[in-house]
Amino acid sequence: MAMLGLLKGLSLKDLTPEAPAIANYTTGEVMGVSSDRLSAKFGVSRHDQDEFAVRSHHNAAKAHKDGLYSEEIVAVDGSVEENGIKGDTSYEKMQKLSPAFIKPHGTHTAANSSYLTDGASAVLIMSEEKALAMGYQPKAVVKAWTYVAVDPFEELLLGPTFATHKVLSESGLTLEDMDVIEFHEAFAGQVLSNMTAMASASFAQKRLSGGKPVGKMNMEKVNCLGGSLSLGHPFGATGGRLVTTASNRLIREGGKYALITACADGGLAHACVLERYMKK
């Protein structure tokens, strides 16, 4: 009877497990709102965002058709097919969608934002000596890496600009030295905002140590096999995917250096430089 007394006044709704929130604990905003505001700040248009998202889907569809992901995906029930890639999408289809976060005038939609999906990844990292002793053939070496943090209220997803600037400076390399670039596509607007900041001389003078811009991205090197907009963004798994794809691209394309960069909630960001392993 005492137990029944404790339950008095409760409804079934009170006993339902609470779904994890995706809003930032500090700002109270979901990342889509932050990214939409960032895009407005850097003048990134809805048109450019939709075109970038179409590119991601087309690249991912072609990569799968060409078998370039065959060694990177663990089959589930005998299949390596991904169900989020829309190889037949077009700019005309994407422009029909309504804003998803800032309504009614925002530029971020369900199509030019990465979607929540299930997934997992694993990467084996060890010293060269240990790898060779165990009979493994290394693919790439982590030449340099860094993490940064930015203001989560105004520039939550601008971290890749600062992380890329820092990791290139520390490694003594430039953006032009990168043969492969894998850039996490949280939102098309977020990627394009960072690219705008990286190429801006005025931004560099005001915000980057040394006052020199990171540089303009060569899109022929960026996310050639698609990205998170088309492949999805399983939290905690995307980093492993980026490292794996970048390493394999270096080998396949004969490049030497790869840049990987990604934003994260809380104003955090990561960047690293991989160097293709040369057999000794």
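This passage describes the aromatic pairs, helix α7 and one pocket of a predicted model.

Aromatic rings make a good starting point. A pair of such rings is described by the distance of the centres and the angle of the planes. In this model the count comes to four aromatic pairs. One of them joins Phe101 and Phe187, whose ring centres lie 6.0 Å apart with 85 degrees between the planes, an edge-to-face arrangement. This pair links distant parts of the chain, its members being 86 residues apart. Phe101 sits in the loop between α5 (91-94) and α6 (128-133), while Phe187 belongs to the loop between β2 (180-183) and α8 (188-199). The two rings also differ in their surroundings: Phe101, at 30% relative accessibility, counts as partly exposed, whereas Phe187 is buried at 8%.

Trp145 and Tyr147 form another pair, and with centres 6.0 Å apart and planes at 75 degrees it is edge-to-face because the angle is over 60 degrees. Both partners lie above the 50% cut-off for exposed residues: Trp145 has a relative accessible area of 54%, and Tyr147 has one of 55%. Elsewhere, ring pairs link Phe42, Phe162 and Phe203 into a cluster.

Phe162 leads on to helix α7, where it is one of the buried residues. The helix covers residues 159-171, and its 13 residues should span 18 Å at 1.5 Å a residue. The end C-alpha atoms are indeed 18 Å apart, which agrees with that expectation. Of the 13 residues, 10 are buried, so α7 is largely enclosed by the rest of the structure. Alongside Phe162, the buried residues of α7 include Gly159, Pro160 and Thr161, as well as His165, Val167, Leu168 and Ser171. What covers them includes both strands and helices: β1 (140-149), β2, β3 (257-264) and β4 (268-276) on the one hand, and α8 and α9 (201-207) on the other. After α7 comes Gly172, which has a positive phi near 70 degrees.

Finally, the second largest pocket holds about 200 Å³ of space. Its lining divides into six nonpolar, four polar and two charged residues. Lys86 and Lys93 are among the lining residues, and they account for the charged part, because lysine counts as charged. Also in the lining are Met94, Leu97, Ala110, Ala111, Tyr115 and Leu229, together with His57, Gly84, Thr89 and Ser113.

Methods. Residues are numbered from 1 along each chain as its sequence is written. This is a predicted model: local features need pLDDT of at least 70, side-chain atom pairs count only at pLDDT 80 or more; totals for chains, interfaces and linings use all residues. Side-chain values use heavy atoms; hydrogens and water are left out. Rings of Phe, Tyr and Trp (its six-membered ring) pair if their centres lie within 6.5 Å; planes under 30 degrees apart count as stacked, over 60 as edge-to-face and the rest as tilted. Helices (H or I, at least four residues) and strands (E, at least two) are DSSP runs, numbered from the N terminus. Buried means under 20% relative accessible area, exposed over 50%, partly exposed in between (1.4 Å probe, protein chains only). The expected span of a helix is 1.5 Å times one less than its number of residues. Contact means heavy atoms within 4.5 Å. On a 1 Å grid over the protein atoms alone, a cavity is a set of points where a 1.4 Å probe fits but cannot get out, and a pocket is an open set with protein on both sides within 12 Å along at least five of seven lines; lining residues have an atom within 4 Å of a point. Grid points are joined across faces, edges and corners, and a volume is the space filled by probe spheres set on the points.
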